[in-house]
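Let's take a friendly walk through a protein model together. Have the sequence and the 3D view ready, and we will stop at two places along the way.

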Amino acid sequence: MRATLLAVVLVLMGAVEARADAWVPIEHAQLDPVLRAADGTQVTVYSGATDRPALEIERPGAAPRRVYLSREWAQDIDVAVAPGGWVAAIWAEELGGRLGAAIIRPDGRMVRRDGLPARSVTSPKAAIDAKGHATFAWVGTDGLRTAGSSLRPTRVRRGVTAADVAVSPNGRRVLVWTTKTGVHARLDGGRERRLAKATKAEVPAVEVNARGDAVVAYRHRGGVGVVDRDARGWRPPRAVYKAFAVLPLTVVLSPRGRAAVAWVGDDAVHAVAGLAGGPWDTTTRLSTAVSSVSELTLRGSVDPAGTLSLVWSETFLGVHGAAFVPGGEPDTTPLAVEVGFPTTAPSTTDGVLSVSVTVRCSKTCDVDLRHGENVPNWLVRTLPAGQATTIELPINDLSLLFPRINGRMRLIVTAGDRVTGQVDKRSQPYVVQVARPPLSSFKVAADHDFGMGTPEGNRAVADLVNGLIDGFERGEIKDDSAFYARWKAGQKALENAGYAVSGHLMDQLLAVLKIPAALAGFTARAVIV
């Protein structure tokens, strides 16, 4: 079975009751970059834009050994590790125009082949069993090809959009591929079988265990589909998500057939769990409702006890995870939230200030604090249960200086319970005192250093700046079009006088104009480009 990146489960949160056949948050989850086999053999992949691709292989009781796969930079490296110390790897070179593959034996010897036939290949796949029998699969514009331990390629089929392969430690193997109209598979080298009809099916993921249980997940135009099997054969496909899913899909499968499929959709991690060949639960959102997820961080694993785990990374909140616990009781306790909004209003001269809000949740919660729906500053925090926490939001927003806004904002607190999915949103109007000195006080001296190199050049730029500020103060610049026209005329005058309007100069102009422009109701950065 192809090893998955191990999610290190440190402590399940005791304060949270499990759902019936549901996911329980993992406390102190970690993203582990190491591939591990059931016997403890582990592999770390090293690759980069300039580095030669290498594997560091550590077998139980032996010192780590580094193996270099290629003399050139490589991409799309896929690695599989099996009990006994067997490792298989496949990678693309020359932007998918050439492939290399290797099998590393337990004694460290390597069998490698470069130059496997390939045309615009992406995401080649490798799998290996505990006896060293490897399977490689790749899809290019010329179709799907596979190779075994001999590294001799065989064309399987044309018109394939993507493929995956999985091998169990005892040699059960599933090759799965997608076309524009469906999902197909071969079990243990047998005949091809179409598992599902699906429009624009793509990027399948598969796992198989020693009993021959298997789970296939795939994305298609209608969402995410799953097909599973046990000793009785393949079951009909099931739709588990009816919206766009971000790739890749993640499949985990235990030796006893407990399985889960996970993906990212609508900036959230979703998962569905069940029994291969048996019943499956409904799809559950696992990540918080108040932060987005980095889809490339989603990883799955199975521990020696057969527990399925998923880990991922959330914006602002870091790594989180969930473990599937069958037979628990659902947590139905509602989230109670108390919010203390500020009662005093700070003042600002430049749109920079901070606002503090106190939040207390009856259970562990994630809180999003912002000063409007579409604003440049917000933050997300995880708060402990029952503890009042003061959250300080730093704000840097020149639009608060606009006359039409004049310091008005709306503080919004959104608290989410990732166990029940409950969201509690509170908001309150808030007004910041905006200091409004005369616009003429922002004029610059004639000898202000704009980095023009000569007094005459600096004076010419100062005249441009002061002319714009006069236009704001007198009401001659009434809208963005008038602002832009006045700026372009000044820019042309500088250029006609032989002065270059460089990026550095525009930064200097923004530094002295951004506040008077905002006080007049304009965003200088949107005009001075």
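What follows looks at an enclosed space and then at a sheet. Keep in mind that this is a predicted model.

Let's begin with the empty space. Rolling a probe the size of a water molecule over the atoms shows where empty space is left. Here, the structure holds 1 cavity of 30 Å³ or more, and about 70 Å³ of space lies in the largest cavity. Which residues should you look for around it? A total of 11 residues line the largest cavity, and those nearest its centre are W23, P25, L286, A322 and R418.

Now see where that lining comes from. Three strands, β3 (22-27), β28 (284-285) and β31 (318-325), each give at least two residues to the lining of the largest cavity. The largest share, 3 residues, is supplied by β3. In character, the lining of the largest cavity is a mixture: 6 residues are nonpolar, 2 are polar and 3 are charged.

Our second stop is a sheet. Strands of a sheet pair through backbone hydrogen bonds, either parallel or antiparallel. In this model you can find an open sheet of 3 strands, in the order β32-β34-β37, and the pairing is antiparallel. At its edges are β32 (337-340) and β37 (389-396), each of which pairs on one side only. From one strand to the next, the twist averages 30 degrees.

To look more closely, follow β34 (residues 352-361): 8 bridges join this strand to β37, and the two run antiparallel. As a landmark for this part of the view, find L353, which stands opposite I395 in β37.

Definitions and conventions: Residues numbered from 1 in each chain as written. Predicted model: local features only at pLDDT ≥ 70, side-chain atom pairs only at ≥ 80, totals over all residues. Heavy atoms only, no water. 1 Å grid on protein atoms, 1.4 Å probe; cavity = no way out; pocket = protein on both sides within 12 Å on 5 of 7 lines; lining within 4 Å. Points joined across faces, edges and corners; volume = space filled by probe spheres on them. Helix = DSSP H or I, 4+ residues; strand = E, 2+ residues; numbered from the N terminus. Nonpolar A, V, L, I, M, F, W, Y, C, P; charged D, E, K, R; others polar. Pairing = 2+ DSSP bridges. Axes fitted to C-alpha atoms, helices over the stretch in contact; angles between N-to-C directions.
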